[in-house]
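Below is a short note on the charged pairs in this structure and on one residue in a strand. Please read it with the coordinates open.

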Amino acid sequence: MFVWLLLSAVVLWSVTFWYRRRHMVKLASALPKPKDELPLLGIAHTLVGNTEVIMNQLQSLSYESMQNDGIVRGWMGHILFFVVVDPVDLEMVLKTCMEKDDLHRFIRKIIGYGGIFAPVSIWRRRRKILVPAFSPKIVENFVYVFAEQSQKLVKQLASAAGKGTFSIWPYLGSYTLDSVCETAMGVKINAQENPDQPFLNAMSRVLNLVCERIFHLWLQPDWMYKWFPQYKKHQEYISLLHRFTNQVIEKKREELKFEKEAKTEVDHEFDLGSYKKQTFLDLLIHLSGGEKGYTNVELREEVLTLTVAGTDTTAVSIGYTLQLLAKYPEIQEKVYEELCEVFDDDRMLVKEDLIKLKYLERVVKESLRLFPPVPLIIRKVLEDITLPSGRVLPAGSGVACSIWGVHRDPRYWGPDAEKFDPDRFLPERFNLENPCSYMPFSNGPRNCLGYQYAMMSIKTALATLLREYKVVEDREDGPIPKIRVKIDIMMKAVDGYQVALERREKQKVPT
């Protein structure tokens with residue numbers, strides 16, 4: 001009797017649940033479905049597996065979207081989302097669907113409501129404070145940090161050069177973490193000299209756990225997750241990250257209080273020029289209103305967001321670019337020739353050098369096109385929205401804006417869209433119909449403010465490394481590069497960015 005009552009209750013709940021969603025189901029049924037969709041499950045069964053399998057499926061959905069005029073639907077059980085690659089539709093989605101999808105709640109448990117992942121109500125206020133902090137005149141003053149840390153990177157790689165293939169990922173992650181911590185918090189954690197740095201390990205591992213929760217439905221409910229063995233480690237990593245950041249913020253508060261008391265009344269006014277030599281933490285405190293501005297928790301959220309986003313994004317971009325240069329040595333040689341023209345000795349890079357490295361910049365941009373660190377952006381549809389293409393997305397669904405897909409769509413990039421060709425970014429060739437055809441750092445009002453910061457760090461590291469080393473032993477046999485990738489919040493190489501380095505023989509400058 002009890003079993004029949006239970007079954008009846010389940011059936012009644014299911015019928016009521018889907019009846020209330022009938023409008024969503026009707027609109028979804030009018031849009032193309034993926035070939036692997038099953039009743040009830042949708043495509044949930046295709047997203048079971050390791051992170052490489054999941055990324056391969058996301059790529060397949062992007063290709064299916066290209067074949068269906070830029071959109072394909074996907075059900076994950078009761079969850080509905082759309083994979084969109086049409087740049088015109090994407091532009092509207094990114095401008096009007098401002099709220100992040102509910103899946104971001106898992107990363108919010110780590111970093112809170114930092115600007116990138118915050119709800120719109122919080123994001124609007126914080127964005128106004130972040131914009132001046134990322135002023136080009138401020139960001140360019142961090143180049144000296146990137147240059148110093150890049151030289152440390154070159155020294156650390158000396159032990160691996162000439163000894164065959166190795167994973168360069170730990171070296172790159174340490175470089176970017178050192179750079180980000182020094183520029184964001186003013187802290188030198190020396191991760192390059194200590195690759196087992198607890199902060200770096202905790203950040204890397206907790207992001208892996210977050211990615212696992214996003215793509216496995218049984219790990220998503222908080223009450224259920226607590227019963228899994230991952231939960232204990234998840235909480236330990238979060239505690240370590242928060243404890244470290246809290247200590248840095250408290251110390252910075254004390255320093256600023258001491259400086260304020262030591263200054264004369266005349267020195268108490270701040271202007272943008274005085275911020276140039278300060279860290280992002282200094283800037284966030286001052287620009288938010290000093291002691292009456294951000295709380296320590298809000299500061300921690302923003303600093304952790306900058307650290308998490310800046311560390312992996314930059315390291316991933318450098319890693320892919322190095323692997324591509326190994327596959328296409330003729331392109332690497334052009335990069336080296338440009339470096340030899342700009343640097344006639346072993347001096348450290350300065351910010352004025354970056355503007356001269358035009359070919360290197362084209363190489364980086366093409367690397368970001370084919371292998372964007374963030375392959376998808378997920379937004380929530382709060383109200384029915386009619387796209388420029390005429391398709392209607394129902395309220396309650398999610399939109400996966402496929403950056404990976406739009407960057408490879410032959411309708412906008414030509415029949416050689418999959419080819420690695422840095423010269424497609426020459427001024428006379430780079431003429432896109434829509435800005436969303438190329439958006440490695442997103443687009444619209446919620447685009448990434450750290451784009452210039454990331455590009456400066458990437459170019460500085462590559463310029464310093466490639467002056468000293470040649471990346472070898474992995475020539476590609478065709479124009480389309482093959483790199484196995486996985487989804488780990490960021491899109492990363494499965495092999496950990498395996499490369500082989502040889503020390504270059506310095507060219508003698510004619511006297």
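The numbered points take the salt bridges before the strand residue.

1. The model is predicted, and every value in this note is computed from it. Counting side-chain nitrogens of Lys or Arg within 4 Å of a carboxyl oxygen of Asp or Glu, the total comes to 33 salt bridges. Side chains of opposite charge can pair when their charged atoms come close. Three pairs and one network are taken up below.

2. Glu 91 and Lys 95 form a salt bridge, with 3.3 Å between the closest N and O atoms. Where do Glu 91 and Lys 95 sit in helix H4? Helix H4 covers residues 87-96, and the two positions are four residues apart, so about one helical turn separates them. Lys 95 has a relative accessible area of 47%, and it counts as partly exposed because that value falls between the 20% and 50% limits.

3. Lys 252 pairs with Glu 255 in a salt bridge, again with a closest N to O distance of 3.3 Å. Both residues belong to helix H12 (residues 230-262), where a spacing of three residues amounts to about one turn of the helix. Is Lys 252 buried or exposed? Lys 252 is buried, at a relative accessible area of 12%, whereas Glu 255 is partly exposed at 33%.

4. Asp 421 and Arg 429 are joined by a salt bridge between their side chains, at 3.0 Å from N to O. The acidic partner, Asp 421, is buried with a relative accessible area of 13%. Arg 429 reaches 43% and is partly exposed.

5. Which residues make up the salt-bridge network? Salt bridges link Arg 125, Arg 126, Glu 298, Glu 301 and Glu 302 into a network. A reader checking this group in the viewer should display these five side chains together.

6. Phe 166 lies in strand E3, which covers residues 166-167. Its relative accessibility is 12%, and Phe 166 is therefore classed as buried, the limit being under 20%.

7. What does Phe 166 contact beyond its neighbours within four places in sequence? The list is Leu 157, Ala 160, Tyr 171, Tyr 497, Gln 498, Val 499 and Leu 501. Between Phe 166 and Ala 500 the C-alpha to C-alpha distance is 6.3 Å, although 334 residues separate them in sequence.

How values were computed: Residues numbered from 1 in each chain as written. Predicted model: local features only at pLDDT ≥ 70, side-chain atom pairs only at ≥ 80, totals over all residues. Heavy atoms only, no water. Buried < 20%, exposed > 50% of the residue type's maximum accessible area, 1.4 Å probe, protein only. Contact = heavy atoms within 4.5 Å.
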